[in-house]
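Colleague: Got a minute to go through this one with me? I'd like to get my bearings.

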Amino acid sequence: MPIITGQFTLGSVTAVKIVAAEIHAQTVLLHNGDHGNHIVYIGNSGVTSTNGMHIDAGQTITLSPDPGSELWALSSNNSVLLTKLAIKQD
């Protein structure tokens with residue numbers, strides 16, 4: 001079970017791919033590392049602040065994306081740090 005970690009500095013205009021499609025299932029933990037009140041929005045490649053699921057500042061969530069699924073993110077402000085821990089189920 002490989003473990004993948006990463007950090008992403010998000011902006012408010014262009015979505016960033018934070019989870020690449022895998023052939024196996026995976027568990028992904030995402031943490032919004034903002035120390036203010038800036039929100040991270042996650043979804044598909046067309047994610048926006050209007051259609052994305054939000055992660056509040058300081059919040060950590062756990063997801064189990066299906067094989068072949070990608071996850072993208074952007075934020076309500078520039079320079080918001082998102083941390084990822086992914087556990088691949090080989």
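**A serine and a sheet**

Modeller: Sure. Let's begin with a side chain: that of Ser75 reaches the backbone oxygen of Leu10 at 3.5 Å. Keep in mind that this is a predicted model.

Colleague: Okay. Which other backbone oxygen does the side chain of Ser75 reach?

Modeller: That of Asn77, at 2.2 Å.

Colleague: And where in the fold does Ser75 lie?

Modeller: In strand 7, which covers residues 71-75.

Colleague: Is Ser75 buried or exposed?

Modeller: Buried. Its relative accessibility is 2%, and buried means under 20%, so Ser75 counts as buried.

Colleague: What is Ser75 in contact with, leaving aside neighbours within four places in sequence?

Modeller: Leu10, Gly11 and Ser12, then Ile39, Val40 and Tyr41, plus Val80.

Colleague: New topic: the open sheet of four strands. What order do they come in?

Modeller: The order is 1-8-3-6, and the pairing is antiparallel.

Colleague: Which ones are the edge strands?

Modeller: Strand 1 (3-10) and strand 6 (60-63), as each of them pairs on one side only.

Colleague: And how many degrees does the twist average from one strand to the next?

Modeller: It averages 20°.

Colleague: What holds strands together in a sheet, anyway?

Modeller: Strands of a sheet pair through backbone hydrogen bonds, and the pairing can be parallel or antiparallel.

Colleague: Back to this one, then. How many bridges join strand 3 to strand 8?

Modeller: Seven, with residues 26-32 on the strand 3 side and residues 80-88 on the strand 8 side, running antiparallel.

Colleague: Which residue in strand 8 is the bridge partner of Gln26?

Modeller: That's Lys88.

Key
Residues are numbered from 1 along each chain as its sequence is written. This is a predicted model: local features need pLDDT of at least 70, side-chain atom pairs count only at pLDDT 80 or more; totals for chains, interfaces and linings use all residues. Side-chain values use heavy atoms; hydrogens and water are left out. Helices (H or I, at least four residues) and strands (E, at least two) are DSSP runs, numbered from the N terminus. Buried means under 20% relative accessible area, exposed over 50%, partly exposed in between (1.4 Å probe, protein chains only). A polar contact is a pair of N or O atoms within 3.5 Å; within protein, one must be able to donate a hydrogen and the other to accept it, and residues adjacent in sequence count only if both atoms are side-chain atoms. Contact means heavy atoms within 4.5 Å. Two strands pair if DSSP finds at least two bridges between them. Axes are lines fitted to C-alpha atoms, for helices over the stretch in contact, and angles run from 0 to 180 degrees between N-to-C directions.
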